[in-house]
Amino acid sequence: MFPETDVILHGADYNYEQWLKYPEILENDIRLMKESHMSVMTLNVFGWTLLEREEDVFDFSPLDERMDSLHKAGIKVILATPSGARPAWLAAKYPEVLRVNAARERELFGMRHNHCLTSPAYRERVRIFDEKLAEHFKDHPALLMWHISNELGGECHCPLCQEAFRKWLQEKYGTLDNLNEAWNTAFWSHTYTSWQQIESPSPKGEFLVHGQNLDWRRFVSDSHISFLRNEIEAVRKHTPSIPVTTNLMYYNEGIDYVKLAKELDIVSWDNYPRWNAERDSFSVALDTAFFHDRIRSLKHQPFILMESSPSSTNWQNTACLKTPGMHEAASLQAVAHGSDSVQYFQWRKSRGCSEKFHGAVVSHDGRSDTRVFREVSKLGLDLEKLSGVRETGTKSEVAVIYDTENAWAINEIQGYKMSRKNYHETLVSWYAPLYKRGISVDVIDQSADLSTYKLVVAPMLYMVKPDFAGKIRQFVDDGGVFVTTYMTGIADENDLTFMNGAPGPLEELLGLRVEETDCLPDFRTNTVEMNGLSYSNIDISDIVISEGAEVLARYTSSFYAGSPAVLRNGNAYYVAFRSDGMLEDVLISDLADELSLSKAPVKLEEGVTAVRRGDYLFLINFSDKESSFTPDHEMRDLLTGKTISGEETLPVNGVMVLTDDGRF
């Protein structure tokens with residue numbers, strides 16, 4: 001990705017514009033960056049007003065000085081286009097750029113991302129600035145990559161967006177008859193007889209036509225992608241060979257990241273787990289690993305960790321510090337799952353405003369003799385030892401299907417268990433037994449190619465898109481194993497239920513039909529028996545009729561005791577109930593053995609993870625106690641240089657990066 005450098009990048013967001021009145025700080029920053037083994041800095045994320053204080057009056061000299069000083073120090077620059085936070089003068093002159101909320105109220109200037117994605121004025125001012133920026137720095141030797149905007153998200157309901165939405169719908173449906181049928185608008189006599197009658201969903205108007213809500217989400221996602229493309233075209237005009245990225249976010253359901261990633265050369269994301277705040281470290285690590293794998297799977301190539309905190313994160317409910325060693329464990333977890341960088345927000349803590357207490361490499365006192373600075377510096381040194389890991393890939397025999405549009409549709413459901421739909425949590429519960437066994441997993445959506453996998457797991461696949469049933473049928477016919485669950489095959493891409501009931505187009509493949517679905521209040525559970533063992537059933541239970549599928553487990557309580565709870569039809573499995581995690585663990589373990597899935601060559605204790613990347617094995621102890629392991633053959637730890645052949649010990653938050661010269 002970066003022929004100019006041969007290291008795993010180590011860097012931070014550098015908001016130098018906050019320190020221009022303190023040249024001694026700017027000078028000292030360079031020294032501290034070198035001391036902490038920084039190789040890259042991200043500049044200009046929020047630098048628009050500094051460089052264009054009034055319309056068409058550009059002064060890039062402050063940024064010139066920072067670019068030059070970093071280059072002189074041997075530090076590369078990821079240069080951002082600053083469209084995520086527009087200048088006050090721009091909002092005052094072009095009020096159309098300010099967003100309108102769902103209640104149809106125009107927002108005032110302030111915050112970030114308060115811009116209309118549709119506004120021609122905003123797109124034009126962004127394009128002009130981006131082109132000027134790219135033209136000015138196109139030949140600068142420090143320029144490594146473009147960081148387009150920042151944490152895209154949100155929506156606007158202004159008149160410009162309403163017209164753009166109607167045009168989007170006309171292009172999609174062609175006629176109002178097609179739209180009315182797709183949205184089932186005969187419900188409550190909401191049939192549209194003119195395109196101008198259609199508005200975006202609003203708490204003051206229509207918000208219960210699920211097909212309309214779904215298309216609005218698609219339109220907003222497409223608007224973000226179009227806005228991003230406008231910026232990419234502007235910088236590529238002058239720097240066609242410089243790669244582009246934008247920083248994605250944790251479970252941001254406002255944008256279809258699979259589609260957005262197609263516009264990028266490199267995918268990056270901002271990772272802020274709630275370490276020590278809400279759950280045990282292993283549970284946080286598990287959830288984070290799932291999202292790392294999702295980001296890597298967007299392009300099936302290494303990604304960039306654009307932001308993380310080296311200490312606390314101020315916007316979380318409880319701003320817990322990372323315990324000693326946790327910073328390295330969390331950072332190398334990202335590298336293990338495919339990141340070619342570890343970067344921070346932020347380099348130096350701001351003196352004022354909302355992020356003055358957000359973690360940083362350098363705190364308000366500017367000192368380097370702190371625990372955080374020492375841990376960051378140690379990580380920087382260790383990353384230099386892992387240069388061979390850079391650009392290596394991950395080969396997965398298993399895929400878990402996480403589909404953004406499916407998540408949108410599930411969120412709209414008015415039924416089942418309203419307070420606990422738990423789509424994300426369910427995905428992670430099926431990912432967990434694979435992660436615990438050191439089995440690599442891709443996280444993909446329904447559009448992905450399945451031919452390279454042995455096992456595909458698709459929990460809660462409520463929405464089945466038109467080509468997926470045929471694709472999964474071919475996958476199973478070719479010998480692949482498919483596992484799905486309750487709340488699958490209920491609705492089509494317009495959120496209209498299938499006429500034959502659930503599991504819709506997967507009925508023949510699964511050899512069953514769902515007659516009813518029971519939802520359990522929090523105080524009630526059912527039990528399921530399989531192979532002489534009992535499993536808890538919480539939240540939701542499908543009452544299933546087998547149409548040829550083999551029954552592997554049955555309910556043992558409630559009025560549907562004796563009816564099927566787990567079924568198998570050839571290589572297709574259906575789990576009809578939500579478990580507390582035990583059933584997933586047993587079933588996945590059996591399938592891993594049956595399919596001879598490639599596992600980590602070590603036996604792990606609870607809370608220790610093993611992740612393979614290329615010819616490297618990352619062992620990380622996310623438990624609350626010291627742990628031991630024994631590899632099945634001799635290996636070498638890249639961090640210490642030690643040869644590992646017998647029993648070894650990993651302390652809490654301990655990390656080893658093992659290699660065996662290609663024997664994995």
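**View A. Methionine 460 in the loop between strand E14 and helix H15.** In this predicted model, methionine 460 sits in the loop that runs between strand E14 (455–458) and helix H15 (468–477). Have a look at its backbone: phi is positive, about 50°, although methionine 460 is not a glycine. Most residues other than glycine have a negative phi. The residue counts as buried because its relative accessibility is 0%.

**View B. Asparagine 44, a residue other than glycine with a positive phi.** Here phi is near 80°. Asparagine 44 belongs to the loop between strand E2 (40–43) and H2. With a relative accessible area of 2%, asparagine 44 is buried.

**View C. Tryptophan 48 and phenylalanine 129 as an aromatic pair.** The structure holds 29 aromatic pairs, and the one shown here is tilted, with 5.4 Å from centre to centre and 45° between the planes. Tryptophan 48 comes from helix H2 (residues 48–51) and phenylalanine 129 from helix H5 (residues 120–137), so the pair ties together parts that lie 81 residues apart in sequence. Both partners are worth a check for exposure: tryptophan 48 is buried at a relative accessible area of 2%, and phenylalanine 129 is buried at 0%. Step back a little and a cluster appears, in which ring pairs link Trp48, Phe58, Phe60, Tyr122, Phe129, Phe137 and Phe227.

**View D. Helix H5 and its buried residues.** H5 has 18 residues and reaches 26 Å from its first C-alpha to its last, close to the 26 Å expected at 1.5 Å a residue. Among its buried residues are Tyr122, Phe129 and Phe137, which also take part in the ring cluster. The buried set of H5 includes charged-type names for you to find as well: Arg123, Arg125, Asp130 and Glu131.

**View E. Cysteine 156 and cysteine 158.** The structure holds zero disulfides. Cysteine 156 is in no disulfide, and the nearest cysteine sulfur, that of cysteine 158, is 3.6 Å away. Why is there no bond between the sulfurs of cysteine 158 and cysteine 156? Because 3.6 Å is too far for a bond. Cysteine 156 counts as buried at 4% relative accessibility, and cysteine 158 is buried with a relative accessible area of 1%.

**View F. The largest nonpolar core and another core apart from it.** The largest nonpolar core has 179 residues, of which Met41, Leu43, Leu79, Trp146, Trp347 and Leu455 touch the most other members. Helix H10 (residues 281–299) gives the most to this core, with nine residues. Apart from it lies another core, of 15 residues, including Trp168, Tyr192, Ile198 and Trp216.

**View G. Two cis peptide bonds.** One of them joins phenylalanine 345 and glutamine 346, with omega about 20°. Glutamine 346 has its place in the loop between strand E11 (341–344) and helix H12 (371–385). The other runs from alanine 502 to proline 503, and its omega is near 5°. Proline 503 is in the loop between strand E15 (481–485) and helix H16 (507–510).

**View H. Arginine 348 over the face of tryptophan 19.** Arginine 348 lies 5.6 Å from the ring centre of tryptophan 19.

**View I. Serine 202 and its contacts.** Serine 202 lies in the loop between helix H7 (176–183) and helix H8 (210–236). Leaving out residues up to four places away in sequence, serine 202 touches Ala102, Ala103, Arg104 and Phe207. Buried or exposed? Serine 202 counts as buried, at 5% relative accessibility.

Definitions and conventions. Residues are numbered from 1 along each chain as its sequence is written. This is a predicted model: local features need pLDDT of at least 70, side-chain atom pairs count only at pLDDT 80 or more; totals for chains, interfaces and linings use all residues. Side-chain values use heavy atoms; hydrogens and water are left out. Helices (H or I, at least four residues) and strands (E, at least two) are DSSP runs, numbered from the N terminus. Buried means under 20% relative accessible area, exposed over 50%, partly exposed in between (1.4 Å probe, protein chains only). Contact means heavy atoms within 4.5 Å. A disulfide is a pair of cysteine sulfur atoms within 2.5 Å. Rings of Phe, Tyr and Trp (its six-membered ring) pair if their centres lie within 6.5 Å; planes under 30 degrees apart count as stacked, over 60 as edge-to-face and the rest as tilted. A charge sits over a ring if NZ of Lys or CZ of Arg is within 6 Å of the ring centre and within 35 degrees of the ring normal. The expected span of a helix is 1.5 Å times one less than its number of residues. A nonpolar core is a set of buried Ala, Val, Leu, Ile, Met, Phe, Trp, Tyr and Cys residues joined through side-chain atoms within 4.5 Å.
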